[in-house]
Structure formats: C-alpha cells, structure tokens
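Student: Could we go through this model together, one question at a time?
Tutor: Gladly; please bring it up and we will begin.

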Amino acid sequence: IMIYVGKGVSPLVSRWCVQALKTLQNRSHLPPQVNAVRWSSSDAPVPRITTHYTVHPRDKDLRWEGVEMERFADEADVVIVGGGPAGLSAAIRLKQLANAQEKELRVCLVEKASQIGAHTLSGACLEPSALNELIPDWKEKGAPLNTPVTEDRFAILTEKYRIPVPILPGLPMNNHGNYIVRLGHFVRWLGEQAEELGVEMYPGYAASEVLFHEDGSVKGIATNDVGIAKDGSPKDVFERGMELHAKVTIFGEGCHGHLAKQLYKHFNLRENCQPQTYAIGLKELWVIDEKKWKPGRVDHSVGWPLNRNTYGGSFLYHLNEGEPMVALGLVVGLDYSNPYLSPFREFQRWKHHPSVAPTLEGGSRIAYGARALNEGGFQSLPKLTFPGGLLIGCSPGFMNVPKIKGTHTAMKSGMLAAEAIFAKVTDESLQSETAGVHVPEYEQSLKKSWIWKELYAVRNIRPSFHNYFGLYGGMFYTGVFYWIFRGKEPWTLKHSGKDADQLKPAKDCTPIEYPKPDGKISFDLLSSVALSGTNHEGDQPPHLTLMDDSIPVAKNLAIYDGPEQRFCPAGVYEYVPLETGEGMRLQINAQNCVHCKTCDIKDPSQNINWVVPEGSGGPAYNGM
C-alpha cells in the first residue's frame, strides 16, 4: 500500500499502511462469530435507524468480538483539525515563526474533505486585513483575489419592488476595499502556501474523536475507522483510524464542529456565555449572459421572501473569473418559529423577484451548496482555551454578522493562536502543569486584538432584531446605535435562546405554499444536490445519528410535522409510510448530506447528532 501526500510519501501515512497490512493479515484468524449478522445472542436482528458505534457501543456487539482494535499512534508538536481559513492560517504562521527562528516544529493538519477547499462554502466577500498581515506579498504569490468590489448596493425587497437603501460610510455593509472571491479556491491556495512551508497536510482524514491524557488534558485526536458496514458490523476491510498526539491541538472545524461540541461539555466552556445562534446559507453559482454581467458589483438585500420576524437576507455577487459568473444566495436565521418554513424553497422563490430574475434569465446554474454559519457573535463566544488545546475560527464563532464576514476574523484568530502556541512550546524552561500544554495567552491576546473590538462594536445588532417590528426595528437600532454611537452603548442585548427551542407546534402555524420550480430559474432539491458533487460510501452507518430512534415520529412528526424534511437543504430526511401501511417512519438518506450541520442545530428534540462519515465523504465543491 502506498499513499502519496503532497510531494512525497508522508512518514505518518506510510507507517499507518504497515499497521494496516498487519491488521489484514490478522483478520484471517478472527473467530467466525465476527461476521455473524446479529446484535445479541438472539438470532432475530433488532431493527434500527441508527447503527453508528457512537450510539451503540461495539463492546456490547457480538459481531465485534475478536476484531483487532489497536490504533497506530504518531506524535507531532501541534495538530490542527480543519483545513479552512483559520486552521491553515494557524499552520502557516506556526511554520513562518519556526523557519524564521530555525526551530524544528512538526505541524500536522487533518481535513475531512478529499481535497483542501472541497468542503468550503461562503458568499464570499473577503476583507483582506488578516491576509495582509499573514502573507503581505499575496498578490505576487498568486492569491486568487481576482475581483475587487467596484459597486456596492443594498435594498429592501417587497414581493414586487426593490427599495434602495444608501450605504453610508462606516456602516457594516460597506465593502470598499474588499474582494469577491470563490473561497474554496482561496483556501486551496492557502493550503499550497502551508505545504511549501513544511506543514504536513492530510486531506481525506476525518478527526472523529478527542483523545485525553490521564490528567484530563487533551492528548490529540483520532481519525475515524473505515470499513464498517451499514448495519454497524465490521467488513473484511475494516481498519482502525490512527491517533495523532500533540503538545497542543488546535480545533478549527468550522461552524458547529462535532469535536468542539464534545469539548464544550468536557471542559464546560460555555458556562459564561449565551447560547450560540445560527443561520443557514444556501448558495448557487451561475454563468449568465455577458451583457448582464457587472464584474465587481455587490448586491445585498433584506425583506421578501422572508417576513419581518424571520432574520435573513440575500446576496448577489458578480465575479471576474474569466467568464460571466455570479454567486448568489440566501441566508436564513435558524431561530425562525414556523416549522413549515423551508430555507431551500425560500431561496428558490427569491430568485424569481423582479430585481433578481432578469440577471439569471438565459443563464445556466453550475453549482449548489449550503452551510450553517454562526450568528451569536460577541455574547456567544465560549472559553477558548483548555489544557492541551484551543478553539479558532468559526468553531467558536468569530463571524461579524452585520458584515456577513468571518474569514478575516477566522484567519486572525488562527494567527494569534499560532503565535501564542509557538512561544509556549519552544520555551525550553516551560514546566506545564498538565501533560497537554495549556495556552491561555491565546485568549488574552485575542481580547487585545482588533477581532475583539470589531465583534464588541456590533454585538447588539443581531439581537436587536428580536422586537415587535422585527427586521425594521433592527435596522432602526443599527442606524442609531451603530452608525451614530459605533456600538458604544452601555448595554449588551441577549439572544432569544437556542435555535432548537424556537419552533412553534405545527397546529399553531400556517403552512407555507411554495410555487413549483420552473426548471429554468428555480429547481427541485435533488437536482440541486447533484450539483454539489456530494458522495459518500453507501455501505457505512449513517453519520446522522439519532440518540433515540423513536423520537422523530413520536415528537418531531407528531408535534412539528417533521421539520427536518424542510430545514435540511439536501433531502437527507424524509418520512415514508411503514411497510405495513399503518403509520410513518423516518428515512435518512445520509449519502445526500452536504455537511451543513443544520439538522444538529435546529432539531427541536436535539436528538440528531452529526458525526463524521468516512474520510473524504461529503460535497465536492469547486470554488464555493
């Protein structure tokens, strides 16, 4: 077995391959009961929706008796989970510092996507402040920032009209000096810079478990096991994941990372902050008629098709990528209350607005995707450091909501983390109180940085939406207290609570009638998912796990009319009749999942737990 990473064979991967060969050799000596399809001593299988080992432990499953469960382990100085803007910025800064001071520092980065940037999705209008600090000569190095913003427009939409709103200097929506980018391409370029500096990159390896020392500090991570059948049994090709140990582990998984969720509980990191609140962003790329193409134009809007009490807005960006291309999308706050609302269908309806449809007519849609994003801001930031690790980027949530930008803050957080870690782990006189090194200096430096000032200034804009006038009350508050006072008001507003708690029972809400897609401007869900390139190994346990398989029908369907079949932007969840014809059951089409995490966030029962599938599974975005 030979796996090539970067410019040669990684020592970690080659050693893991030797371990894999040994495991395969041992497989021929396993007892016959390992391959028996049964859950217990009974011959009758127990029907389940969820078969994942995180819910049904393997040590209680007779099919796993005798299976070799030893994992290969390797050691690094720093391990980074997540190959997005934050994780890559941390990796680059670490190696810049190490190379400048001629210090040996092994930095390993694992990323669940098959290629760096393949799971990245954002608008995106990039503020280059952090990039200027990290790589000052980014233009000479060929960074794919090809479209400087030349025109900035904002409007309120009604069903038939567009009402322009002036963008005054100093308001968050002002994009002067920013660039419209395809963020996946930018992230791929960051990956190339990291690799040139000596960072060990491992795309296609999903971190599935946090490892701990005996003293409770973080030891590192383990990648997920592969070769598990859909029913939860081991295949003949089953292989354990590998362990990566480090002095410090950086968690930069992106919004609502599943390892970060575990860390919040283990270290009680959310004890002194408000619950995080989220939105879902849906996006498409189109190639349009060149006569309608305005490279550098940025359009934002609020209002229709959402009502005044549903937070959200739209974007339409004209890219300059060698062909007449636009990026467009709709963002919907996940604190909405009507279980009949479908963010995907709201997006499709929005494209028919008289101010949007003419741009798309005669064009062709070439890509689709969706991703959750943090909207809690300053009030919802958790404690960022703990013995052996720390949180960066959109994992804790540094997005500036009124700007609709988080890439610059994510990058800066990674850089600050790298600087604090480097100073600590290269200190020859360091005497750590725990086996995993604690770096509280990171959080201290972040609070002194422009990230903290920026998020504090806009802290009240998102929660100001929660008033009788909704959207319009929030806009009034922004105009008075941000534009005039620059966020210096002596109070901090609170969010309304967890998004999962905001849904009203279906009986108290009005069903929403959505128009049928016309196949020209609006489209159905499954043809959209096909454009995301999403693919998963079919014969593996669904990674959308249920803590209790009975709850979807008993609670979600009975009380909320099955909202997961509407808030999921990929058609993963559907209620289908039982084979007996009496009643319904939940069907999970895990192969459709675009890794947006919306189900884990919005499920009113908080019964869905998103975990990583086999490495490299998921969407295959090309510059989204």
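Tutor: A term to start with: buried means under 20% relative accessible area, exposed over 50%, and partly exposed in between, with a 1.4 Å probe and protein chains only. The model is predicted, so local features need pLDDT of at least 70 and side-chain atom pairs count only at pLDDT 80 or more, while totals for chains, interfaces and linings use all residues. Residues are numbered from 1 along each chain as its sequence is written, and side-chain values use heavy atoms, with hydrogens and water left out.

Student: Is strand E17 largely enclosed or not, and how many of its residues are buried?
Tutor: Strands (E, at least two residues) and helices (H or I, at least four) are DSSP runs numbered from the N terminus. From E17, Pro324, Val326, Leu328, Leu330 and Val332 point one way, Met325, Ala327, Gly329, Val331 and Gly333 point the other way, and all are buried. Strand E17 (residues 324-333) is therefore largely enclosed by the rest of the structure, its buried count being 10 of the 10 residues.

Student: Which residue of E17 is the bridge partner of Lys283?
Tutor: Two strands pair if DSSP finds at least two bridges between them. Strand E14 (residues 278-287) runs antiparallel to E17, with 9 bridges joining them. The partner of Lys283 in E17 is Gly329.

Student: Which residue in the turn of the E16 and E17 hairpin has a positive phi?
Tutor: Strand E16 (residues 312-320) is also antiparallel to E17 and is joined to it by 9 bridges. In this pairing, Gly312 stands opposite Val332. The hairpin has 3 residues between its strands, and the turn residue with a positive phi, of about 90°, is Gly322.

Student: How many disulfides are there?
Tutor: A disulfide is a pair of cysteine sulfur atoms within 2.5 Å. Cys125 is buried at 9% relative accessibility, and its sulfur is too far for a bond because the closest cysteine sulfur, in Cys394, is 15 Å away. Cys394 is in no disulfide either, as its nearest cysteine sulfur, in Cys255, lies 6.9 Å away. The count is 0.

Student: Is Phe485 buried, exposed or partly exposed?
Tutor: Phe485 sits in the loop between helix H11 (471-482) and helix H12 (525-530). Its relative accessibility is 43%, so Phe485 counts as partly exposed.

Student: What share of residues 465-485 is helix?
Tutor: An unreviewed UniProt entry annotates residues 465-485 as "transmembrane region"; such annotations may be inferred rather than shown by experiment. The end C-alpha atoms of this stretch are 18 Å apart, its strand content is 0%, and its helix content is 57%.
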